[in-house]
Amino acid sequence: MSRAHITIDREFTIGTVPTRLFGSFVEHMGRCVYTGIYEPGHPTATPEGYRQDVLELTKELGATVVRYPGGNFVSGYNWEDGVGPVDQRPRRLDGAWHTLETNAFGLHEFVGWSRLAGVEVMEAINLGTRGVDAARAIVEYANHPGGTYLSDLRKTNGDAEPFDIKLWCLGNEMDGPWQIGHKTADEYGRLAQEAAKAMRFVDPTIELVACGSSGSGMPTFGAWEQTVLSHAYDEVDYVSLHAYYQETTGDPGSFLASAVDMDYFIESVVSMTDAVRARGKHKKHVNLSFDEWNVWYNDGRDSDDQPGAITASGAWREHPRVIEDEYNVTDAVVVGTLLNSLLRHGDRVTIANQAQLVNVIGPIRSEENGPAWRQSIFWPFARMAELARGQILRTVVHSDKYESRQYGDTDLADVSATWDEETGRTTFFLANRGLDDSCEVEVSLRGFAAARIIRAEVLRVPEDADRFASNNLGQQDRVGLRPLDGATVDSDALRVTLPALSWAVVQLEEVRGG
Ligand code: AHR
């Protein structure tokens, strides 16, 4: 048994929980769009061709904002290909993922889907093969009320009302040599600045995200952010971060400590962004958009369908099966800790998008003409999106530790917490990284009124299985949330025992009135 002591104080808050922290991502990649969110022939299909079963799971997941249409895909994409009569849309080669794109699904279809799903659209533009002119054109098409060629074309194409898209990404991973139209930081910084200016001339109310680094391991990390922002600081509102984690053979300890890396990445980008602010004597803050994050086993587990892989025959296929990772209990615990890291930094990370929503490294899986189900990683996301409300609380943690190969001394217990004055609810999101031992957690509650436990759930290794247990077509509910027994609360403290390798949520409600 290991131990952890955590202290929270009602006065020690970090900021309000940002609604956009629970974002997701839909890319034209593999089966995320086609047979993921969109499958006209599916038994649950809506009249527009959206899969109702996936829509329901998206709502249950609690995604608030969804980035679209890429990812690497967007850097070779012409948005005009995806509007207008479907039978006249061009079929194109997508070089990013070596896929045949039919363009049956485009901007109108995505906006229609987002309305049914109740999510905000975060639209990425192509700054790989295109530039300022296409950037301002799509804003006019999407957001201008009418009376111009492009806004009237939107009406002709079926949407009389503007889409009113507020959030725009200025390209994708432009620091990566794999990106179509990859640029140096100076080239990209200037292009982002000019595209942003031209987009704002069309609609001054939009918010813009500049590409930061595609990972903290990039050779240009740091210099990239500083150079890009030295050009575009005044014109942008956010800088992006991307990170993917995976377990390497024989080192689960480092994988379980992935949030240590995420903390470091976030704190480094905050420092660099604020350094540019100080140097340029800018007043405003640029915040962080962690618009791609997840666990991703890009290690050849499904070798024939690796991203960009060309099949033996070299064929270009429509929506092939690509990186459909099957997530296990360990992955869910890691995702829970990554969410903790994002929430703990919610004063500066005000947008985050788990990549991706369905099939392609997604919390939701669906089969063509078949069912849709929740992966293990669905649960920590869904519960945090549902229950993290009000103020983010500072958590002071004294935990027993273990030695991880990559990050050294690592806390066995990981936590984030929120306090909602309106409802009187305090919510804890807890993880035990210990593979073998349960962890006894005591949380000192300073300045809180008497409360009772209204929810206690845990995701852990099922009794008849090991930490690699997962959900799949044959066993769709093997890994999920179960009641967490034994939690107690009194006027001073909450006491919880977390099983070995587990993620848990505990919610308290103030006892009010007589
Ligand atoms: O999410 C999958 C891919 O990962 C995205 O297309 C790209 O931006 C990143 O490298």
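Me: How far is an oxygen atom of the ligand from an N or O atom in the side chain of Q356?

Reply: This is a predicted model, in which local features need pLDDT of at least 70 and side-chain atom pairs count only at pLDDT 80 or more, whereas totals for chains, interfaces and linings use all residues. Residues are numbered from 1 along each chain as its sequence is written, and side-chain values rest on heavy atoms, with hydrogens and water left out. A polar contact is a pair of N or O atoms within 3.5 Å (within protein, one must be able to donate a hydrogen and the other to accept it, and residues adjacent in sequence count only if both atoms are side-chain atoms). For the ligand oxygen and the side chain of Q356, the distance is 3.0 Å.

Me: What percentage of the area that the ligand exposes when taken alone does the protein bury?

Reply: A polar backbone atom of N72 is 2.9 Å from an oxygen atom of the ligand, and a polar side-chain atom of E292 lies 2.7 Å from a ligand oxygen. Taken alone, the ligand exposes 280 Å² (by the Shrake-Rupley method with a 1.4 Å probe; for residues, only the protein chains shown count as cover). Of that area, the protein buries 95%.

Me: Which side chain of opposite charge is nearest to D9?

Reply: D9 belongs to strand 1, residues 2–9 (strands are DSSP runs of E, at least two residues, and helices runs of H or I, at least four, numbered from the N terminus). D9 is buried (under 20% relative accessible area, where over 50% is exposed and in between is partly exposed, with a 1.4 Å probe and protein chains only). D9 has no salt bridge (a side-chain nitrogen of Lys or Arg within 4 Å of a carboxyl oxygen of Asp or Glu). With Lys and Arg counted as positive, Asp and Glu as negative, and His and the chain ends not counted, the nearest side chain of opposite charge, 4.2 Å away, is R446.

Me: Which residue forms a salt bridge with E194?

Reply: Side chains of opposite charge can pair when their charged atoms come close. E194 is partly exposed, at 23% relative accessible area, and its partner lies 3 residues apart from it in helix 5 (residues 185–202), so the two are separated by about one helical turn. The closest N and O atoms are 2.8 Å apart, and the partner is K197.

Me: Is E510 buried or exposed?

Reply: E510 and R512 meet in a salt bridge, at 3.1 Å from N to O. R512 is partly exposed, because its relative accessible area is 46%. E510 has 16% relative accessibility and therefore counts as buried.
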